[in-house]
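Grab a pencil and work through these exercises one at a time. Try each task yourself before you read the solution.

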Amino acid sequence: MADNNFDLIVVGAGPGGYVTAIRAAQLGLKTAVVEREHLGGICLNWGCIPTKALLRSAEVYRNMQHAKSFGLSCEKPSFDLDAVIQRSRGVSKQLSGGVGHLLKKNKVTVINGEAKFDGPKKIKVEGKDAGTYTAKNYIIATGARARSLPGLEADGKVVWDYKKAMTPDKMPKSLVVVGSGAIGIEFASFYHTMGAEVTVVEIMSQIMPVEDKEVAALAQKMMTKDGMKILTEAKVANLKRNADNVVVTIETKDGKKQELTVDRVISAVGVIGNTENLGLETTKVKVDRNVIDTNEYSATAEPGIYAIGDVAGPPMLAHKAEHEGVICVEKIAGVKGVHPLDPRKIPGCTYCHPQVASVGLTEAKAKEAGYDVKVGKFPFIGNGKAVALGEAEGLVKTVFDAKTGELLGAHMVGAEVTELIQGFVVAMGLETTEEDLMHTVFPHPTLSEMMHESVLDAYGRAIHF
């Protein structure tokens, strides 16, 4: 390249990296982004986006199977697995190309290759655009990869990681999903809906361990009612890999063991930050268990080097990385009024069936923090739109500070809650009280009315249940 000197170099072009680079360019910084593989990173190419495309296919297939309940006829619904996967990959390809267009539009230089720090002031890149590059500031946005546990290593044949689970060569008749976080439970939901016999193994006492206990329990009840098998407080003690199946030994908390023979196993035991091979040892950047240590504005111990997103620690969410990156670069550029990201106001969404979404403190966490709480709940069965949609199972739950009326948290399970949650996120951001929410007019008939009713219920004023 003609010019290898920049105001800012972002290492990694995932959702955090490319958004940060675009915002930096908007602020007048001469910006480059280094990417070793795909623009959009894991999220866009192998995570958030393609999994949602798969889950959408599963949702349509589920609706086809239940057409009769809507007065419709759909004889013997079926699917073409290759076409389902092709659609998912096509969605990712389209959006990855869109990222490239946005970077070009904003005059961000894309450096294709793998970056490594050579001291705190420069990086060396190996690959297509090999060379030495310098910048006044660097932002590390290298993301994370699937965690691998001993004995559960993916082999691409009978034990799958997320990439193979998104591009199977055939639909397994049975599988075990190890881990019930967002990744695990979404894959479990997809394969179960498409006809596989699915068993989920979770070492914690509830599925989706970060979620409110009551919401997780209802989600589990709905999933098991639908035919999914879920084992909590259990672990995989051993795997015997055969040519085209796996014998899984599952051990429960009380030491009891059972064997399951399944076609495939999906390992979804979390993710780990990509901190290796970055040359960070040539800087003052501190790394602890694959997490880069940063302050509230993403600064590391090395002046001029920052880290955002998964590599800077949980919650490992694309929207957290994006927002964190914007805050970081605005602070670098000297924008006035920049505030640190409040982790309590970061929503979490899981796109399984039923969907789960939340923001803020769970009821248990609020009590642990010393709050005297008021809790409101409203079931989907009391909502006209939910009944009309044929989605009458679910719950909206709100948690308030009894003394001040502050909304401390909101937790939902059911149809389209991943879209509804943002209403509560905005409310928390604006520091609205229970009174503000009770006097807000919600349109009828909508699912959002349940949000209103849940708030009313916390104060003994619910109307429709």
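Before we start, a definition: helices (H or I, at least four residues) and strands (E, at least two) are DSSP runs, numbered from the N terminus. Keep in mind, too, that this is a predicted model.

**Exercise 1.** Work out which helices help to line the second largest pocket, and what kinds of residues are found there.

*Solution.*
Step 1: Start with the space itself, which comes to about 1,000 Å³ in the second largest pocket. Its lining has 34 residues, and the closest to the centre are Glu59, Arg62, His353, Glu391 and Ala415.
Step 2: Look for helices that give at least two residues to this lining: you'll find α3 (48–65), α6 (182–193), α7 (213–225) and α11 (417–429). The largest share, seven residues, is supplied by α3.
Step 3: Sort the lining by type, and you get 13 nonpolar, eleven polar and ten charged residues.

**Exercise 2.** Decide whether Glu186 is buried or exposed, and find what its side chain reaches.

*Solution.*
Step 1: Locate Glu186 in helix α6.
Step 2: Check the cut-off: buried means under 20% relative accessible area. Glu186 has 8% relative accessibility, so it counts as buried.
Step 3: Follow the side chain of Glu186, and you arrive at the backbone nitrogen of Tyr351, 2.8 Å away.
Step 4: Skip the neighbours within four places in sequence and list the contacts of Glu186: Thr51, Lys52, Leu55, Cys349, Thr350, Tyr351 and Cys352.

**Exercise 3.** Do the same for Thr275: is this residue buried or exposed, and which side chain does it make a polar contact with?

*Solution.*
Step 1: Find Thr275 in the loop between β16 (271–273) and β17 (287–288).
Step 2: Its relative accessible area is 11%, so Thr275 is buried.
Step 3: Its side chain makes a polar contact with the side chain of Asn290, at 3.2 Å.
Step 4: Leave out residues up to four places away in sequence, and Thr275 touches Leu280, Val287, Asn290, Val291, Ile292 and Val311.

**Exercise 4.** Describe the surroundings of Ala307.

*Solution.*
Step 1: Ala307 sits in strand β19 (residues 305–307).
Step 2: With 0% relative accessibility, Ala307 counts as buried.
Step 3: Among the residues Ala307 touches, beyond those up to four places away in sequence, are Ile140, Ile292 and Ala312.

**Exercise 5.** Find the secondary structure make-up of residues 346–454.

*Solution.*
Step 1: An unreviewed UniProt entry places the feature "domain: Pyridine nucleotide-disulphide oxidoreductase dimerisation" at residues 346–454.
Step 2: Over this stretch the chain is 33% helix and 27% strand, with the end C-alpha atoms 20 Å apart.

Note on methods:
Residues are numbered from 1 along each chain as its sequence is written. This is a predicted model: local features need pLDDT of at least 70, side-chain atom pairs count only at pLDDT 80 or more; totals for chains, interfaces and linings use all residues. Side-chain values use heavy atoms; hydrogens and water are left out. On a 1 Å grid over the protein atoms alone, a cavity is a set of points where a 1.4 Å probe fits but cannot get out, and a pocket is an open set with protein on both sides within 12 Å along at least five of seven lines; lining residues have an atom within 4 Å of a point. Grid points are joined across faces, edges and corners, and a volume is the space filled by probe spheres set on the points. Ala, Val, Leu, Ile, Met, Phe, Trp, Tyr, Cys and Pro count as nonpolar, Asp, Glu, Lys and Arg as charged, and the others, Gly among them, as polar. Buried means under 20% relative accessible area, exposed over 50%, partly exposed in between (1.4 Å probe, protein chains only). A polar contact is a pair of N or O atoms within 3.5 Å; within protein, one must be able to donate a hydrogen and the other to accept it, and residues adjacent in sequence count only if both atoms are side-chain atoms. Contact means heavy atoms within 4.5 Å. UniProt positions are given in the numbering used here, feature names are shortened, and annotations may be inferred rather than shown by experiment.
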